[in-house]
Amino acid sequence: MRRPNRVSLIWAAPWLLALPTVGCSPPKTGTTAVPSSTSSTESPAKRDSGTKPERKSSLIDDRQAGQSEVAPKAAPQDPSPFRFAEVAQKSGIDFRQFSGMTAEKHFPTANGSGVALFDYDNDGKLDVYFATATLIPVGTARKGPNRLYKNLGDGTFRDVTESSGLGFEGFCHGIVVGDVDNDGDQDVFLCNYGPNRLYLNNGDGTFKDVSREAKVDRDGWSSGGAFLDMDDDGDLDLYVANYGIWKFPEDSLMFCGDREKNVRFYCSPRSVKTTKHYLYRNNGDGTFTDVYDSFLVDVAGAKIPGRSDGHGFAAVTADLDNDGKVDIYVTNDMNPSFLYLNKGGGVFEDATETSGAAYDDKGQAQSGMGVDAEDVDGDGDLDIIVSNFAFEYNTLHLNLGKGAFTDVTPMYGLAADTTPYVGWGLSLSDFDNDGWPDCFVANGHVDDNRKLAGQNTEYEEPSLLHHNVPTANGKGRRFKLATRDVGPYFDSKHVARGAAFGDIDNDGDVDIVVNHKDGAAALLRNDTPSDNRWVQIQLVGTKSNRDAIGARVDLEVDGRTIYRQRKGGCSVLSANDPRLTIGVGHAAEVKKLTVRWPSGAVTIREHVPTNQAVRIVEGE
Amino acid sequence: MSKVAASPERTRWLRVALLGGMLVLALTGLAMILRPTPDPDELAKQASREFVDRRFDLAEADLGRVNRLREPTPFDWFLRAQILMTKGKNDEAIEALGHVPDDDSMGAQARVEEGQLELRRSRYRFAEAAFLRALAIDPKLVQPRRELVYIYGMQLRRPELNATFQALSEVSPLKYSEVFLWCLTRGVTWDSREIVQTMEKCIAADPEDRWARLGLAEAFRMMNRYDDAENALAPLPDSDPVARVARIRIALDRGDDQAAERLVAGGPADDLNLALLRGRFALARGDGPEAVRQFRIAHDKAPNLREAVLGLGQALQTVGDPAAVPLLDEGRKHERLGSLVQRAAVDKNRDDPALMRDLGDACAAIGRFPEARAWYNLAITRDPLDTEAQQGLARVKEAESRANAAPR
């Protein structure tokens with residue numbers, strides 16, 4: 001998502017073509033340069049009468065113009081209910097990402113890397129795994145490696161990278177975590193610029209690289225992905241979002257930026273050729289088969305090949321149309337976001353163009369980067385939020401049912417606040433456990449040198465936190481910016497990229513870890529004071545995939561039902577806590593907790609006391 | 001010689017000189033009287049040639065002579081305007097052009113020049129009027145349509161923009177960039193900073209310019225400058241539906257739901273943009289029947305508008321009405337066009353005839369026949385033997401005939 005929106009692009013033709021420059025990549029104007037009035041047949045007088053000279057742009061490539069200085073909303077905030085303390089250094093997490101960015105602005109170096117929260121050694125505590133990149137061409141320098149920090153349980157972490165075998169060195173963007181062999185421990189898939197990697201957890205705190213045997217090591221450019229059981233055979237398959245094809249040195253020769261000032265920006269995503277993504281079907285024997293070209297049908301049920309028109313960034317796998325089957329939603333940079341609805345038997349319908357969640361409300365493709373799906377309005381279905389480039393708001397697509405969505409971002413109060421920034425990792429987590437999902441997004445621009453070209457665009461940007469509150473008439477919900485007094489991290493600016501969400505200190509609230517581009521990582525411990533209560537659920541599938549991805553959990557509390565799902569994917573480049581930490585307001589107990597497993601089985605627990613972690617095994 | 005002796009000699013020479021001078025003057029006067037009067041028309045043509053040769057001062061002088069010989073003709077006024085423009089005297093030039101009547105052979109061109117001058121003065125409202133007058137005189141003119149594309153494009157007046165592109169395509173072959181812009185402006189927004197600069201000048205030059213105010217307000221809103229946006233809208237009443245929609249959007253962005261709802265509830269029941277907003281509000285609160293009602297209003301007004309098609313389709317789907325199916329199918333075609341337009345934005349695709357044909361097919365599929373024709377024509381310009389494009393044109397013609405023959 002680089003960009004030179006909102007929409008993005010400028011062509012200085014006599015007619016000026018500009019395209020919406022939105023997109024995650026470098027310079028983005030967010031919108032297009034306006035047409036200029038130049039007559040093709042000017043009268044002689046016009047030529048001599050001080051005709052306004054044609055505006056000649058020194059900017060090369062679309063989206064190079066600075067963002068129209070969108071001001072952060074100036075309205076004063078009410079005090080925020082949230083509190084987060086940044087404790088990375090104090091905790092022993094000293095990771096710094098290396099992006100590989102140089103003055104040449106090689107495209108892949110803009111996107112940064114992600115972070116994963118998972119329990120690598122099954123000791124009941126979330127560990128943290130960071131990805132990092134290297135110089136291009138890959139192999140010319142040793143940077144990194146990716147690093148794994150073991151949670152010691154006392155608020156501190158220890159670097160166990162070397163002993164774990166997860167010290168990948170290369171150009172790593174995204175991390176996808178899941179139990180691919182259903183043996184009860186978490187395995188790790190790395191999405192790289194270069195061959196991807198699959199590390200199988202040996203169960204003893206070490207991992208083995210099985211990429212080649214598993215046949216998932218194809219050389220390409222992958223951003224992120226999500227696990228799901230696409231064919232209901234009880235094991236996890238993997239959707240991998242590929243960004244495109246970019247080769248060094250040929251694709252690095254294009255100059256994008258301000259030619260006159262010789263200031264180079266990242267080029268537009270449009271300069272990158274798109275390519276197919278991967279859908280690796282788990283064969284159950286340690287190998288995978290890419291079925292990307294055979295899993296899709298059109299609305300009439302006819303087989304169609306997998307789409308190749310998306311600069312893939314992230315994916316979320318969840319039941320988006322409430323038919324009991326897990327679907328796939330993929331964010332793409334300056335292309336439509338894909339929606340694939342599961343029809344059963346490993347077949348998905350391409351519902352992209354009728355979803356209402358492929359484009360913005362004007363039909364323009366946005367720079368889709370991060371994604372999450374959660375029930376923000378409490379009506380029982382998952383709504384989708386996508387983080388976008390500057391001058392495009394992060395879009396909230398309200399679920400209308402049956403695979404249809406509508407953009408309600410302005411009505412939900414998210415438009416103005418998010419428009420100025422380039423959004424990456426995000427989550428609709430309930431940070432204050434009041435039973436309503438809030439919204440966090442980590443921001444950061446792609447170009448560090450816009451000011452050299454005279455543009456008033458900052459590289460570091462503040463992250464945002466929005467509180468889910470009732471509307472003034474009490475009939476609906478909306479989001480309200482809530483960063484005031486949250487903590488120093490929210491008063492400062494960063495170049496954020498991947499972010500992962502989970503209960504790191506096992507105190508029943510959701511913490512955040514952010515991987516900053518070329519910067520020190522942040523661990524945001526949730527210290528929100530609240531008398532709200534929670535339930536933390538670890539789901540263990542037996543007939544269903546062991547991670548229970550696709551399971552739906554309904555909690556009846558105090559006169560309402562809270563709906564949650566065990567999702568795959570989410571955020572960007574990152575992997576979240578596999579447990580469900582669910583805020584339930586003041587409820588002392590969950591009257592009825594219902595788990596609908598992907599296999600179709602149903603588990604019901606009644607009178608579950610709150611403020612505790614529960615482990616629910618399918619069939620028990 | 002003494003001074004006294006020189007005086008009579010000097011006086012004699014003075015007398016001779018004086019007499020000689022008077023004789024020369026008399027002869028000159030006689031010559032002038034007897035010389036033939038220049039033909040003012042020929043002199044005007046001469047002035048015109050001098051103008052073309054960029055000898056502006058001479059041209060001005062000769063034109064002055066013409067106008068001493070006779071009353072200025074429309075041609076004279078036109079030439080005067082051109083000369084004034086070289087001096088940057090745009091106000092006087094417009095005044096001069098005003099003397100060229102519409103029904104004169106130069107009437108249309110005079111209106112075009114007026115329009116261009118008004119553009120330079122940032123008086124877009126007057127420029128638009130002048131260009132429209134020029135087209136009323138001569139509908140085949142190309143230049144005023146191009147200028148109108150600029151004005152409507154700048155102001156994002158999409159229906160007018162679409163109509164102008166369509167008319168332009170009928171009188172002049174369009175370039176790739178123009179056809180692309182035509183498709184693009186269905187949904188694009190411009191860089192707000194540039195809009196602000198331009199629209200502020202327009203309002204300074206013409207405070208009554210409604211569209212400039214609306215454009216400026218929207219640009220400010222996109223920049224989160226809500227107070228500035230409301231100030232720009234201040235002179236426009238709530239009864240102005242476009243201004244009302246703008247105010248609703250500002251209220252939403254400010255987080256003032258109640259103000260937004262109050263504004264949405266007011267205003268005409270059958271305004272397209274209000275209906276779209278009301279439909280979206282209804283969908284957001286889960287009121288399927290109301291969403292259907294509002295999107296139906298919008299769809300009746302603009303059956304080819306993506307937002308109306310998709311909105312009605314989704315609303316019908318939420319209430320379980322099978323009429324949703326063809327609309328969602330139509331919506332899918334709109335999105336497909338959007339995807340192709342995105343591909344058309346890439347420089348290296350601009351020479352791809354397959355893409356041009358695909359765009360033609362996609363436009364035709366949603367009934368945008370003039371755009372479809374434009375794309376097919378581009379492909380044919382590139383390769384006159386492009387049979388697929390030729391067939392596409394034929395299909396469009398047939399489809400249009402069917403559409404025109406269908407009972408209303």
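**Chain B and a sheet of chain A**

In this predicted model, 49% of the 408 residues of chain B count as buried.

User: How many helices and how many strands does chain B have?
Analyst: A residue run has to reach at least four residues to count as a helix and at least two to count as a strand. On that basis, the secondary structure of chain B comes to zero strands and 22 helices.

User: Is chain B a compact globule or more spread out?
Analyst: For 408 residues the globule rule gives 22 Å. The radius of gyration of chain B is 32 Å, well over that value, so the chain is more spread out than a compact globule. Along the principal axes, its C-alpha atoms fill a box of roughly 130 × 60 × 40 Å.

User: In what order do the four strands of the open sheet in chain A lie?
Analyst: Strands of a sheet pair through backbone hydrogen bonds, either parallel or antiparallel. In this open sheet of chain A the pairing is antiparallel. From one strand to the next, the twist averages 25°. The order is S27-S28-S29-S30.

User: Which strands stand at the edges of this sheet in chain A?
Analyst: Each edge strand has a single partner strand, so one side of each is left without a neighbour in the sheet. In chain A these are strand S27 (423–427) and strand S30 (477–481).

User: Which residue in S30(A) does A:Pro470 stand opposite?
Analyst: Strand S29 of chain A covers residues 464–470. Five bridges join S29 to S30(A), and the two run antiparallel. The residue in S30(A) opposite A:Pro470 is A:Arg477.

Terms used: Residues numbered from 1 in each chain as written. Chains lettered and ligands numbered in written order. Predicted model: local features only at pLDDT ≥ 70, side-chain atom pairs only at ≥ 80, totals over all residues. Pairing = 2+ DSSP bridges. Axes fitted to C-alpha atoms, helices over the stretch in contact; angles between N-to-C directions. Rg over C-alpha atoms; globule rule 2.2 N^0.38 Å. Buried ≥ 20, exposed ≤ 12 C-beta atoms within 10 Å, placed from the backbone.
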